[in-house]
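Got your viewer open and a hand on the mouse? Follow along, and we'll go from stop to stop, selecting as we go.

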Amino acid sequence: LKKIWNSEVGPKTTHFWGPIANWGFVAAGLADLSKPPELMSGNMTCAMCIYSALFMRFSMAIKPKNYLLFGCHAANETVQLYHLSR
């Protein structure tokens, strides 16, 4: 646990807390699954898709690579693309 605590992407860094906060986007997208598609904003859904795609790329471009950030944005991209398909 000490190794994780003191790592470059551990809980003492923004490399950890940023992705944790971004899981809120995924939770919100999952909560919207029960809403009718007519109530969903197509523009905002597209914006969220672009945002998540850009940050998936960013998470792999930075050093150290941030797999937690990549995972939360990959999950958000999946949810948002599903919303677009509805």
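Start by selecting Leu54, which you'll find in helix α3. Is Leu54 buried or exposed? Leu54 counts as exposed because its relative accessibility is 56%, and the cut-off for that label is anything over 50%. Now add Leu84 to your selection: the two sit 30 residues apart along the chain, and their C-alpha atoms are separated by 18 Å. Keep in mind as you click around that this is a predicted model.

**Zoom out**

Switch to a cartoon view for a moment. How many helices and strands does the protein have? There are four helices and zero strands, so reading along the sequence gives you the pattern α-α-α-α. The C-alpha trace spans about 50 × 25 × 15 Å along its principal axes. Of the 86 residues in the protein, 27% are buried.

**Helix α2 and its greasy patch**

Next, select residues 14-31, which make up helix α2. Show the surface and pick Trp17, Ile20, Trp23 and Leu68: these make a nonpolar surface patch of about 370 Å². Helix α2 gives the largest share of the patch, with three residues. One to click on is Trp23, which lies in helix α2. Trp23 counts as partly exposed because its relative accessibility is 35%.

**The largest pocket**

Now for some empty space. Rolling a probe the size of a water molecule over the atoms shows where empty space is left. Here, the largest pocket holds about 160 Å³ of space. To see its lining, select Phe25, Ala28, Gly29, Asp32, Met40, Ser41, Met44, Thr45, Met48, Asn76, Gln80 and His83. Which helices each supply at least two residues of that lining? They are α2, α3 (42-61) and α4 (67-85). Try coloring the lining by class, and you'll get five nonpolar, six polar and one charged residues.

**A salt bridge**

Stay with Asp32 from the pocket lining and add Lys35. Their side chains meet in a salt bridge, at 3.3 Å from N to O. Side chains of opposite charge can pair when their charged atoms come close. The structure holds one salt bridge, and you've just found it. Lys35 has a relative accessible area of 38%, so Lys35 is partly exposed.

**The loop between α3 and α4**

Move along to Lys63 and Pro64. A cis peptide bond joins this pair, with omega at about 0°. Pro64 has its place in the loop between α3 and α4.

**Two stops on helix α4**

Select Tyr67, which is found in helix α4. Tyr67 is exposed because its relative accessible area is 56%. Click on Glu77 too: Tyr67 and Glu77 are 10 residues apart in sequence and 15 Å apart in space, C-alpha to C-alpha.

Your last pick is His73, also placed in helix α4. Is His73 buried or exposed? His73 counts as buried, because its relative accessibility is 1% and the label needs a value under 20%. To finish, draw a line from His73 to Pro36: the two are 37 residues apart in sequence, and 23 Å lies between their C-alpha atoms.

Methods. Residues are numbered from 1 along each chain as its sequence is written. This is a predicted model: local features need pLDDT of at least 70, side-chain atom pairs count only at pLDDT 80 or more; totals for chains, interfaces and linings use all residues. Side-chain values use heavy atoms; hydrogens and water are left out. Patches are made of residues with over 30% relative accessible area and no salt bridge: like charges are joined within 9 Å, nonpolar side chains (Val, Leu, Ile, Met, Phe, Trp, Tyr) within 5 Å. Accessible areas come from the Shrake-Rupley method with a 1.4 Å probe; for residues, only the protein chains shown count as cover. A salt bridge is a side-chain nitrogen of Lys or Arg within 4 Å of a carboxyl oxygen of Asp or Glu. Buried means under 20% relative accessible area, exposed over 50%, partly exposed in between (1.4 Å probe, protein chains only). On a 1 Å grid over the protein atoms alone, a cavity is a set of points where a 1.4 Å probe fits but cannot get out, and a pocket is an open set with protein on both sides within 12 Å along at least five of seven lines; lining residues have an atom within 4 Å of a point. Grid points are joined across faces, edges and corners, and a volume is the space filled by probe spheres set on the points. Ala, Val, Leu, Ile, Met, Phe, Trp, Tyr, Cys and Pro count as nonpolar, Asp, Glu, Lys and Arg as charged, and the others, Gly among them, as polar.
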